[in-house]
Protein chains: 2
Amino acid sequence: MKIVLDTLGGDRSPAELIAGGVAAIQEYDIEVVFAGDQALIERELRKYPQVTRYSILHAPEEITMNEAPVEAVRRKKKSSLVQGIRAVRHGDADAFVSPANTGAVMAAALFNLGRLPEIDRPGIGVLVPTLEGRRTLMIDVGANAECDPEHLLEFGIMGTIYMREILGVQNPRVGLLNIGEEPQKGDSQALKAFAYLQQELPNFAGNVEPNRLVEGGFDVVVTDGFTGNICLKAYEGAAIVTVRYLKREIEKSFLAKLGLPFLWPALTKIKREMSAVHHGGAPLLGVRGVVIIAHGNSNAEAIKNALRVAKESVEHDVVGKIERGVHESLVHLGLVPVLKGAS
Amino acid sequence: MKIVLDTLGGDRSPAELIAGGVAAIQEYDIEVVFAGDQALIERELRKYPQVTRYSILHAPEEITMNEAPVEAVRRKKKSSLVQGIRAVRHGDADAFVSPANTGAVMAAALFNLGRLPEIDRPGIGVLVPTLEGRRTLMIDVGANAECDPEHLLEFGIMGTIYMREILGVQNPRVGLLNIGEEPQKGDSQALKAFAYLQQELPNFAGNVEPNRLVEGGFDVVVTDGFTGNICLKAYEGAAIVTVRYLKREIEKSFLAKLGLPFLWPALTKIKREMSAVHHGGAPLLGVRGVVIIAHGNSNAEAIKNALRVAKESVEHDVVGKIERGVHESLVHLGLVPVLKGAS
């Protein structure tokens, strides 16, 4: 299996990203196609003479974090981002992983891979840790700043299929991210969305607030990309503060200091676990191909994990299952016409 | 100083809320006016024969969490919420504290106290803990689900005054809560807001993401009530998960268990510190009177703290300082007409 790794456009150096790719080659038995500056990639790979299962896609042009996505993708056709996704489009690779400008990855995927039939808005899903240790898929967390209820329905259906097929959840419950649990809570957009999901999505289970989401009562939580991104980044921020405060308290207390050596492994694990939302890499669901968006600040370990998620998505045929599942759902809901005799 | 405590409409029992009021009377040298069911309040207060600095406002009608705010406030004129705020309006009390339906508190305050001149949208501010141990005022966190840029400007000015006058911050920096730091990030609403604040608010310092907010680079962060509420509840959820995960890890590891006794005080403090966003009680800024909104799930300690915030707001004349400060700012910005010869 060939997976393209975009070595440009992240917050970390290409060297760091390449190290993650190398680790993935060794651990997951995949071939990585390194997209970026050939000379630089070759220089880095000389550090790992034992690694041979790779190829290089020379595309030195970089799309930066603060470029306007659509425009950048149109203009920078030679960028590692655009060239890497085109390799998937042309069947030269099975999946694409990038820590670059999320909007640009989204735009490049739409232009070059296209949407699945009956999907209007692909969405980025992220697995959020809950108290039970289970995970809840929050979608969308940044692909579409503005969404109509119809788009949230698509997210709900795609999320349901992802949780059922990939994580083996029997009957996924879908919630709507909102500022209250009661049906009449929220802004005008949330009210419209609630009514629509209530009516159209059989496994819709109501509103869920970000502080209740972590209790794990929902398997999929749908939201527009702006709200989802705010929620995701708030989880990240609070986790960092909590662990930092704890360390500060420990430093302050002589007695606690005595306990610290015993506690260090646990503390380290928490930080890893809480930042898992980034480490996993987030699937862009609804496009015709496996595209995994890694956090912009991804280090080698995060990139390695994103490549693992990409591999699993290919193995489980996420794209095919979503294509078939969405069609079945929409037909079942009477939301797509069925040609006479077609059934 | 007389402060009204609404004993109805919270998630906890009136008995729990009354216990908080009693603690505040004893610690903060204030008189509490208990608003609610007289018989019940008298029965509870018999438990504290030593407490005498209180009065009772008999208003047994309750506005519940899932009532439509405006309608409920119009219909239930005899409710503890409406009667309590009217006591402030008529000068029978100096401040009002309630854990009830946020929208209803907001509506009752608008109808009965009214806005300060030149304030179109009062906002709820909450002090969020940061890594430096400083706090950042996030406003609005739920009063107005939808806001125009002009409303965010009002929040920015009120927040600046609050941080300067009450927390003594010399030159407060104001940020806009958004999903990216670059000016062109966010949905259409965020883009409009950024341009407007950039132009009108002298101490505007740019966009801030929820995960960076905790780094403490901003003193005030403005946002619409929907986004602010999502962000606040996400902080709460993540803090709960992080502490819970840590405890779970500790239970699992024999070595860490050895450290636990030393660490318990620190762990307890963290939980308190991270939930401080709720414990403090959130000021409703921009209305003609001191109104403190406590978290719906407030326990006795949270209510006690909310009463302390109310007392401090009265002592520091928050309302008067905001009224004068907003006028000065708007005149300075040329956003309000100044009558000839008025200066």
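**Exercises on two interfaces of a predicted model**

Across the interface of domain 1 and domain 2 of chain A, zero salt bridges are found, a salt bridge being a side-chain nitrogen of Lys or Arg within 4 Å of a carboxyl oxygen of Asp or Glu. This is a predicted model, in which local features need pLDDT of at least 70 and side-chain atom pairs count only at pLDDT 80 or more, while totals for chains, interfaces and linings use all residues. Residues are numbered from 1 along each chain as its sequence is written, chains are lettered from A and ligands numbered from 1 in the order in which they are written, and side-chain values use heavy atoms, with hydrogens and water left out.

**Exercise 1.** Describe the contact between domain 1 and domain 2 of chain A.

*Solution.* Step one is to set the bounds: domain 1 covers 2-117 + 286-316 and domain 2 covers 123-275 of chain A, as given by an automatic or database domain assignment. The contact (heavy atoms within 4.5 Å) takes eight residues from domain 1 of chain A and ten residues from domain 2 of chain A.

Step two is the area. About 620 Å² is buried between domain 1 and domain 2 of chain A, with carbon and sulfur atoms giving 68%; buried area is the accessible area (1.4 Å probe) that two parts lose on being put together, summed over both. On the side of domain 1 of chain A, the residues that lose the most area to domain 2 are Met106(A), Gly286(A) and His316(A), which together make up 51% of what that side buries.

Step three concerns polar links: between these two domains the count is zero residue pairs in polar contact, both at pLDDT 80 or more, where a polar contact is a pair of N or O atoms within 3.5 Å, and within protein one must be able to donate a hydrogen and the other to accept it, residues adjacent in sequence counting only if both atoms are side-chain atoms.

**Exercise 2.** Work out how chain A meets chain B, and which helix of chain A gives the most residues to that side.

*Solution.* Begin with the extent: 59 residues of chain A and 59 residues of chain B are in contact, and the area buried between the chains is about 5200 Å², of which 72% comes from carbon and sulfur atoms.

Next, take the polar links. Two salt bridges are counted between chain A and chain B, including one that joins the side chains of Lys233(A) and Glu209(B) at 2.5 Å, N to O. Twelve residue pairs are in polar contact across this interface, both residues at pLDDT 80 or more.

Finally, H9(A) gives the most to the side of chain A that touches chain B, with 23 residues.

Technical notes: Helix = DSSP H or I, 4+ residues; strand = E, 2+ residues; numbered from the N terminus.
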